[in-house]
Amino acid sequence: MTATQNIAAGNGKSRLTFADVKAGATTAAAGTLAGNPYLPQIATVIDIIDETPNIKSFRVRFDDEAVMDALAFDPGQVGQLGIFGVGESTFAINSSCSEKRYLQFSVMKAGEVTSALHELNVGDKVGVRAPMGCGFPVEAWKGKNILYIMGGIGSAALRATISYTLEHREDYGDITILYGARTPLDLTYKYDVEDWQVRKDIEAVITVDRDFPGWEGRVGFVPTVLEEMAPKPANTIAITCGPPIMIKFVLQGLQKLQFTDEQTYTTLEKRMKCGIGICGRCNIGPRYVCVDGPVFSMAELRELPDEM
Amino acid sequence: MSDRQAKIRELAGAALAEDRVDYFIGWKQGINSSEAIPAFVRNADEVDQLVWNPLSHHNLTAFLKRKMPDPPNARIGVCVKGCDSRTLVALLQEDLVDKERIYVVGVPCDGIIDRRRVEKEFADEVVSISFSGDTVTATTRCGDSKDFAKGDITFDHCNTCRYPNPFYADDMAADPVPEPEDRTPMWGTIEEFEALSPAEKDAKLADAFETCIRCFACIHACPVCVCWDQCVNRSRRPALVGQRVDTKENLMFQMVHMFHVAGRCPSCGACDRACPVEIPLYLLHRKMNKELYDMLGFEPGVSLDEKPAFQTFKLDDPFGEH
Amino acid sequence: MKFLAQDQLQAFLGHLAGESRVVAPVKGDDGVVLFRPWSPGTEVELDVLLAKQSAKEFVLRQSETYLRYGYAMEGEAAAQVDDSHEAKVALEDPAERKAAQDAAVTAHAVLVVEPVNDAPAQVIFGLRPCDARGFVQMDNVFGGYGGFYFDPYYNAKREATTLVAVTCRDPRSTCFCTSVQGGPAATEGADVLLTQVEGGFAVEVVTERGETLLASADLADAGQAQVLYAETVKETAEARVDAAFDLEGVREHLRANIEDSGWHDLSMRCISCGTCTYVCPNCYCFNITDEMVEGQGERIRTWDNCFNPSYTLETSGHNPRDIKSNRFRNRFSHKFWYYPEKYDSLLCSGCGRCITHCPTRIDIREVLGVMGSERTAVSATTPATSGGEA
């Protein structure tokens with residue numbers, strides 16, 4: 001049996017050689033990155049959106065049209081966005097899977113790479129390795145109610161999934177979005193938020209941590225608002241992403257509301273370098289966030305050591 | 001059993017029994033009698049594992065520095081030799097260790113032997129080292145055996161040691177050993193290095209640092225390298241030291257370490273002994289110590305009241321005239 | 001089986017060196033034995049059992065440039081960069097200023113990116129069976145085993161490398177190859193296995209690659225006495241390795257003991273350096289950084305290790321393995337739990353270098369003995385909080 005057949009058979013229990021790779025063998029995880037998963041594709045920044053005072057979204061388009069055309073990814077998958085001379089970082093792909101013109105990444109200015117990314121202008125070149133990791137099991141969720149619970153820039157990790165479920169609205173039951181930020185200024189994707197609020201086929205609850213001049217919407221921390229909303233767990237999938245402290249209390253809240261570990265999902269952020277399950281930076285116990293995640297169910301996380 | 005070893009056990013046992021410390025750090029036998037390793041004793045009835053002999057080379061004050069204690073607020077008992085105590089004094093001078101949390105047992109020292117020098121006398125593995133007076137007997141796994149005069153295999157910094165008795169201790173494991181009257185430092189092999197031409201020095205340093213694997217054992221074993229877990233040698237913000245492993249970057253990395261510990265480092269040699277590829281790091285630090293002494297008459301870690309040389313400035317400090 | 005006489009060794013190596021680079025254990029002036037590129041006349045050191053480091057450096061380089069890139073500064077682009085530079089000089093934080101300037105340089109110019117992958121043919125001569133097996137264990141990781149990624153940098157070098165192993169004569173007290181399914185004369189990973197016999201080496205071909213290597217070397221057939229002698233050497237060596245310890249159930253126990261206080265006790269004397277991982281023939285974790293000077297740069301990967309306190313440090317300041325005992329736990333769990341779960345074997349070939357080179361002699365066998373077995377009574381010796389004032 002050749003390696004190609006082996007991998008195609010879903011076994012994967014052998015290693016590849018250069019001859020296999022030249023013959024077109026690829027692995028489940030590698031996909032289009034089979035040849036050289038370290039080599040970024042050059043892309044051009046085509047648009048920059050100032051989301052909040054310290055978050056910018058970058059829309060980038062691969063320079064190689066063939067790469068752009070071939071691009072396909074699942075909601076929840078991530079990519080490595082980088083600048084040659086500075087480095088790469090992992091970000092969720094937050095444009096819709098159906099968007100064929102560009103990939104969108106949202107970047108909060110914090111460290112070396114993110115600060116350099118914030119200096120970019122439209123027309124500048126970046127390196128992109130994408131897609132990587134596993135997305136949410138949106139197919140398996142068909143027919144279920146979906147509850148999104150997000151805080152701050154956690155929205156970036158769920159945006160593509162929200163888009164997917166809204167684009168396939170008839171496949172899902174009730175869709176509820178609970179989104180909170182410190183202040184109204186810190187709410188990302190205001191263009192989405194406006195849309196969610198006017199749509200009749202979903203429920204969107206937007207909250208900020210404390211009173212703010214001019215804010216007439218809801219005030220309160222996300223976990224508290226969740227408790228007040230008291231969503232029913234029956235036939236519902238809850239997906240949460242946000243600052244670690246928020247996730248912690250949301251998970252406790254969901255448990256109190258009788259959500260099981262199997263119906264609760266989150267997506268993790270870890271320091272990553274290679275993004276392909278080798279360099280050993282993002283592992284939590286035996287799971288590598290870059291290839292086994294970043295999407296995990298609570299049931300999977302419970303098996304892992306306390307190294308979140 | 002030596003008197004010092006018995007006294008260490010007694011003092012450690014009392015500190016643990018009276019709950020004055022959470023754990024006590026001394027030395028114990030390693031895999032076999034050819035080596036001593038750090039021992040962490042938590043119960044008074046476990047103090048019999050503690051040993052004192054000329055293999056007790058580890059500078060245990062490295063386990064006091066920031067983020068080493070486990071739990072972080074532990075009360076720790078620790079043994080120090082003369083040179084170890086100088087690193088402790090250097091840490092205390094800058095309030096880098098909380099005096100209230102440590103209990104220090106001082107051990108007067110007669111010199112530590114360089115196990116690696118013994119090891120190289122055999123192709124086979126040394127599995128036992130025993131002492132009889134000034135004779136050291138090493139035996140290999142195959143049973144080959146060789147005697148050494150202790151003075152021939154002690155470390156360079158022991159041969160030139162001027163401070164064999166601890167400067168700072170709560171209790172002593174023995175009366176002080178005789179000290180040299182003349183405390184003028186002896187620089188040992190560093191003078192050979194200084195006699196070389198610049199080109200020869202370059203070549204010697206390149207030769208020494210070519211094999212560095214940047215494992216950071218030197219940094220982490222160093223008691224006075226206190227930003228160890230935030231090291232600028234690894235930082236990418238700022239990215240001052242290249243991450244490429246080559247002779248030039250390796251030397252740069254070690255130079256940064258040398259300058260960062262200058263004034264605290266009494267060249268106890270902990271870095272040198274931790275290095276898995278045996279780079280003579282000690283020479284760099286020794287050289288820095290010599291420069292400090294020649295310029296400022298300064299010796300690190302010999303007085304609690306003093307501040308490290310680079311933390312003070314006097315108008316009459318010599319500048320660039322050396 | 002062939003025979004290579006001791007006095008033919010230099011000529012044999014010279015012959016190999018005609019076709020490719022030869023790497024062999026060599027003793028330096030300071031008495032330190034390391035794998036180094038061999039040149040004619042250099043004596044190969046086989047009396048000392050193990051070189052200080054394994055030979056992994058010659059396949060998984062300590063630091064390796066894998067991309068080169070450059071920003072060409074011409075016309076309008078150069079002018080824009082100058083403007084940006086001016087504006088950024090005003091920033092007060094030097095790190096921020098540097099980042100901004102770098103970004104300005106990188107942002108406005110024509111970018112050329114070129115992958116680099118140098119993999120000259122090489123023979124690693126004189127490594128021990130444990131070191132040869134180390135490569136096999138890394139092969140799974142870099143070869144896409146289990147459906148993961150194929151690493152072209154590792155594999156280019158690996159496929160250009162022939163391993164000539166030498167049977168161990170005097171295993172050390174720290175050797176434990178037989179406990180991890182290896183042995184002092186094991187052939188897994190080796191292309192050729194040499195065994196020192198009277199007057200030279202008994203030569204066994206293990207793989208096709210080994211066959212090719214020896215095809216042109218013109219070695220005589222080994223005599224019956226030499227074959228028997230080689231067998232005796234192997235048996236003697238096997239007997240000299242300490243009794244194998246039982247690794248049955250170690251993975252399950254490590255999993256069960258993950259939060260056990262024993263990790264704190266065992267890691268007390270760890271100084272959290274990376275020596276054990278860097279001398280290890282199969283620890284493979286790495287870092288990736290960019291090094292750029294004036295618009296010309298390289299993306300490099302360098303060995304890194306899970307003991308490095310800043311290894312998992314995140315931009316926010318959060319560090320999932322901030323505590324020393326967590327980092328300590330990661331290495332042993334990786335070798336005997338995480339890796340086996342992904343790659344169906346162990347990530348350890350029992351060379352014992354991590355024991356002999358550890359500055360405080362932490363013994364992997366002791367760690368496995370304690371944490372890889374059932375912990376009936378949870379150690380009560382690590383207080384959650386100290387009796388001292390906080």
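**Exercise 1. Find how many salt bridges cross the interface of chain A and chain C, then describe that interface.**

Step 1. Start with the charges: seven salt bridges cross between chain A and chain C. Keep in mind that this is a predicted model. One bridge to look up joins the side chains of A:Asp292 and C:Lys342, at 2.7 Å from N to O.

Step 2. Add the polar contacts. Between chain A and chain C there are 32 such residue pairs, both residues having pLDDT 80 or more. On the chain A side, the elements giving two or more residues are helix 2 (18-22), strand 4 (87-92), strand 6 (125-132), strand 14 (287-288) and helix 9 (289-292).

Step 3. Sort the chain A side by class: 29 residues are nonpolar, 14 polar and 15 charged.

Step 4. Now the extent. Chain A brings 58 residues to the contact and chain C brings 62. About 5200 Å² is buried between chain A and chain C, with 57% of it from carbon and sulfur atoms. Within chain A, the residues losing the most area to chain C are A:Arg15, A:Tyr38 and A:Phe84, which together make up 14% of what that side buries.

**Exercise 2. Work out how domain 1 and domain 2 of chain A meet.**

Step 1. Set the bounds: domain 1 of chain A covers 3-132, and domain 2 covers 145-267. Their centres, taken over C-alpha atoms, are 27 Å apart.

Step 2. Count the residues in contact: 18 from domain 1 of chain A and 16 from domain 2 of chain A. The area buried between these domains is about 1300 Å², and carbon and sulfur atoms give 57% of it. A:Glu51, A:Pro75 and A:Asn94 supply 34% of the area that domain 1 buries against domain 2, more than any other three residues.

Step 3. Check the polar side. The rule finds zero salt bridges across this domain interface, while eight residue pairs are in polar contact, both at pLDDT 80 or more.

Step 4. Place the domain 1 side on the fold. Strand 1 (41-52), strand 2 (55-62) and strand 5 (103-108) of chain A are the elements that give two or more residues, and strand 5 has the largest share with four residues. By class, this side has eight nonpolar, nine polar and one charged residues.

**Exercise 3. Decide whether C:Asp131 is buried or exposed, and list what surrounds this residue.**

Step 1. Locate C:Asp131 in helix 4 (residues 129-142) of chain C.

Step 2. Apply the cut-off: buried means under 20% relative accessible area. C:Asp131 has 2%, so this residue is buried.

Step 3. List the contacts, leaving out residues up to four places away in sequence: C:Phe35, C:Ser54, C:Ala55, C:Pro281, C:Cys351 and C:Arg353. C:Pro281 is 150 residues from C:Asp131 in sequence, yet their C-alpha atoms are 5.6 Å apart.

**Exercise 4. Compare the settings of two salt bridges, A:Arg302 with A:Asp261 and B:Glu278 with C:Lys52.**

Step 1. Side chains of opposite charge can pair when their charged atoms come close.

Step 2. A:Arg302 and A:Asp261 meet at 2.7 Å, N to O. These partners are 41 residues apart: A:Arg302 follows helix 10 (298-301), and A:Asp261 sits in the loop between helix 8 (244-256) and strand 12 (264-267) of chain A. A:Arg302 is partly exposed at 44%, as is A:Asp261 at 21%.

Step 3. B:Glu278 and C:Lys52 also meet at 2.7 Å, N to O. This pair crosses between chains, from a loop of chain B to a loop of chain C. Both B:Glu278 and C:Lys52 are buried.

Notes
Residues numbered from 1 in each chain as written. Chains lettered and ligands numbered in written order. Predicted model: local features only at pLDDT ≥ 70, side-chain atom pairs only at ≥ 80, totals over all residues. Heavy atoms only, no water. Domains from an automatic or database assignment. Contact = heavy atoms within 4.5 Å. Buried area = accessible area lost by both parts, 1.4 Å probe. Salt bridge = Lys/Arg side-chain N within 4 Å of Asp/Glu carboxyl O. Polar contact = N/O pair within 3.5 Å; in protein donor to acceptor, adjacent residues only side chain to side chain. Nonpolar A, V, L, I, M, F, W, Y, C, P; charged D, E, K, R; others polar. Buried < 20%, exposed > 50% of the residue type's maximum accessible area, 1.4 Å probe, protein only.
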